[in-house]
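Please open the structure in your viewer and keep the selection tool at hand. The tour below goes from stop to stop and says what to select at each.

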Number of protein chains: 2
Amino acid sequence: MKAFCIAVDLGGSQLRIAKVQKGGQIHWQRSVSTINEGQPSQVIDQIQALVASHPDADIRGIAVAAPGPLDTRNGTVLCIPTLAGWENVAITRLLEERFKLPVLLENDAISAAVGQWRFGVGKDVTDMVYLTVSTGIGGGVISNNHVLRGVRGAAGHFGHLLLYPDSTTQCACGKMGCFEAYASGSALDAIARTLHSAGSQQERTQWHALVGNGPASAIHLAQAAMDGHEPARGVWRQQGVYLAQGIASIVHAFDPACVVLGGGVSKSYSCFADSLLEELDKRLMPAFSNVSIKQASGIETAGLLGVASLFFEHQDCS
Amino acid sequence: MKAFCIAVDLGGSQLRIAKVQKGGQIHWQRSVSTINEGQPSQVIDQIQALVASHPDADIRGIAVAAPGPLDTRNGTVLCIPTLAGWENVAITRLLEERFKLPVLLENDAISAAVGQWRFGVGKDVTDMVYLTVSTGIGGGVISNNHVLRGVRGAAGHFGHLLLYPDSTTQCACGKMGCFEAYASGSALDAIARTLHSAGSQQERTQWHALVGNGPASAIHLAQAAMDGHEPARGVWRQQGVYLAQGIASIVHAFDPACVVLGGGVSKSYSCFADSLLEELDKRLMPAFSNVSIKQASGIETAGLLGVASLFFEHQDCS
């Protein structure tokens, strides 16, 4: 008999839902903007409405990937800074009450890591690090075919590797010198907002034509770099350097076969791949030089597939 | 029936051998200075002579902990920089030929980590990082009661976390800015050699009385600090800061319950504990603030006990 679950990727901006068959086939998928200024119960309503739009009798349960910090053992969201009111929300219990089905909660970066490992570019690899470079930086680790969680379920907080201890560049976490403060999408956005005054007159005109009067962001940096805008290209070269510096520490610590780059910033991989690989070569001990860096595949669905596979695994064990 | 093995800790300066009973009792133990300027076969002779001094008929095999890099799957020492001639030495085969017994080879930091986890201060902990701060810096990780090895058996190369990317301070590995270049025993030795000209006239006299004309080292720094020598105390305060900076990254990456500090430098823990804990508090995200830092117990025997327990585990599985 075929087994299905509902996979939910609860993001700060997008709420994605899919019906996933055991084995990784997506039968349907929907996404909406997450209600981020209301109550958690309104988001639960959104989930229920999306599920109700595809009535199915054969659903085994619900698998939820969410940003943290979470208490996955108790099924509680401790806090989602980008969603109003999401503090100490017992999401597992709330969904169980609505759907009368078992619910699994997992960290979104771990879900995406598992998705890449089981269905994406990390397939057939025993040791893999997934690094998501988005608004922030996070990650998940597969070591010897096991998912690493740590004692608090908080392993893979790579955004807070200390990269520049003497720095006064503040991270979103409030600390100074974190990897995330240098190499995240937010860091790129901040640089983008200063780029209107960079380069030649022609480049400033080019930049203004691209950005207009709206706030500049990493997306503009990517477009400008592809159009040959030299200051933007320089930003991406430095981005590759910062990413490589963090990745070097990760590789020396975890000794993976590959590092998979996901998250929005990874979509611009071609803009920074050269400088990343060059810097990594400079920073890695020779024993680790055959580590491969891969761009994640199917970023939009990897988290859904990953958390669904963890749900089925959990069901089979219990 | 009781099971025994011979555990060998092949260090760059000391060669330690013990007869270890399954369960962790040491029945006898010997150590000699490792012959470090001859041939690998002379060290094999040393091992054989030490074992022959306690003839036993009930030995199941030999468990060897050695510094790396190693190829533990093939039982080969790829290189031991501190021992002449130790390049691509098939130590497992050599010992098997001599003793007609099965031989297991394991990284010395992983052996010590397992020793602390099974018999030392990490007992009853599911997630632990062992950090050895000695001539270099290395480590081993226990995650969810599994020993982390990585795909090349090289996980836990913490000495080469990139701590100061902009630095021109060279590490023993040839790269710049590694954790080891700042916080290892070698780094302390280098500072100690400059300390004759530091502080007041009285402190310079005190330092000279302690060191004499020999080369100053971390050992003198520890003695001087305990005697109230302010420049030496300042060095240890900074040592605590550097260690905390590396440990903060390790904790965010692995999410352990505790970090166990071993190696020669850890013996001076009281000299740098305050500044380490203070800096760590500054660097860690609140979610990780209950991580505990522990001084390793039984440093001289933890590696022997750890590698012996891995040997018995391997025997039971095969």
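What follows is a walk through a predicted model, with stops in chain A, at the contact between the chains, and in chain B.

**Stop 1: a sheet in chain A**

Select β3, β2, β1, β4 and β8 of chain A. In that order, these five strands make an open sheet with mixed pairing. Residues 25-33 (β3) and residues 103-107 (β8) of chain A are its edge strands, and each pairs on one side only. On average, neighbouring strands in this sheet are turned by 20 degrees against each other, direction ignored.

Now narrow the selection to residues 4-10 and 14-21 of chain A. These are β1 and β2, an antiparallel pair joined over seven bridges. To find one position in this pairing, pick A:I6: its bridge partner in β2(A) is A:K19.

Add β3(A) to the view. How many bridges join β2(A) to β3(A)? There are eight, and the two strands run antiparallel. One of the pairs to look for is A:Q21 with its bridge partner A:Q25 in β3(A). Three residues lie between β2(A) and β3(A), which form a hairpin. Click on A:G23 in the turn; this residue has a positive phi of about 110 degrees.

**Stop 2: helices against the first sheet**

Keep the sheet of β3-β2-β1-β4-β8 in chain A on screen and select residues 91-99 of chain A. This is helix α2, which packs on the sheet and touches β4 (59-66) and β8 of chain A. The direction of α2 makes about 150 degrees with that of β8(A).

Next select residues 108-119 of chain A, which are helix α3. Helix α3 lies across β1, β4 and β8 of chain A and runs at about 95 degrees to β8(A).

**Stop 3: another sheet in chain A**

Leave α3(A) visible and select β11, β10, β9, β12 and β13 of chain A. Here, too, five strands form an open sheet, in the order just given and with mixed pairing. At the edges stand β11 (146-147) and β13 (292-295) of chain A; each has a single partner strand, so one side of each is left without a neighbour in the sheet.

Within this sheet, pick residues 128-133 and 137-143 of chain A. They are β9 and β10, paired in the antiparallel sense over six bridges. Click on A:Y130 and look for A:G140, which stands opposite in β10(A).

Which strands of this sheet does α3(A) lie across? They are β9, β10, β11 and β12 (258-262) of chain A, and the helix runs at about 50 degrees to β10(A). Then select residues 230-254 of chain A, helix α8, which lies across β9, β10 and β12 of chain A. Its course is at about 155 degrees to β9(A).

**Stop 4: the two chains together**

Show chains A and B. A turn of 180 degrees with a shift of 0.0 Å along the axis lays chain B on chain A, with an RMSD of 0.0 Å. The two copies are thus related as by a two-fold rotation axis.

Select the residues where the chains touch. The contact takes 37 residues from chain B and 37 residues from chain A. On the side of chain B, helix α8 (residues 230-254) gives the most, with six residues. By class, that side has 20 nonpolar, 11 polar and six charged residues. Of the interface residues of chain B, 100% are also interface residues in chain A, so the copies meet through the same surface.

**Stop 5: helix pairs in chain B**

Stay with α8(B) and add residues 269-283 of chain B, helix α9. The axes of the two helices come within 7 Å and cross at roughly 40 degrees. That angle makes α8(B) oblique to α9(B). The crossing is right-handed. Residues in the contact include B:W236, B:L243 and B:I247 of α8(B), and B:F272, B:L276 and B:L280 of α9(B). The residues of this contact divide into 11 nonpolar, four polar and four charged.

For the last pair, select residues 201-211 (α6) and 218-226 (α7) of chain B. Their axes come within 10 Å and cross at roughly 130 degrees. Helices α6(B) and α7(B) are therefore oblique to each other, and α6(B) passes α7(B) in a right-handed crossing. Show the side chains of B:Q206, B:W207, B:L210 and B:V211 on α6(B), and of B:H220, B:Q223 and B:A224 on α7(B), which make the contact. By class, they divide into four nonpolar, three polar and no charged.

Note on methods
Residues numbered from 1 in each chain as written. Chains lettered and ligands numbered in written order. Predicted model: local features only at pLDDT ≥ 70, side-chain atom pairs only at ≥ 80, totals over all residues. Pairing = 2+ DSSP bridges. Helix = DSSP H or I, 4+ residues; strand = E, 2+ residues; numbered from the N terminus. Axes fitted to C-alpha atoms, helices over the stretch in contact; angles between N-to-C directions. Contact = placed C-beta atoms within 7 Å. Least-squares fit on C-alpha atoms with pLDDT ≥ 70 in both. Parallel < 35°, antiparallel > 145°, perpendicular 65-115°, else oblique. Left-handed = near helix turned anticlockwise from the far one by under 90°. Nonpolar A, V, L, I, M, F, W, Y, C, P; charged D, E, K, R; others polar.
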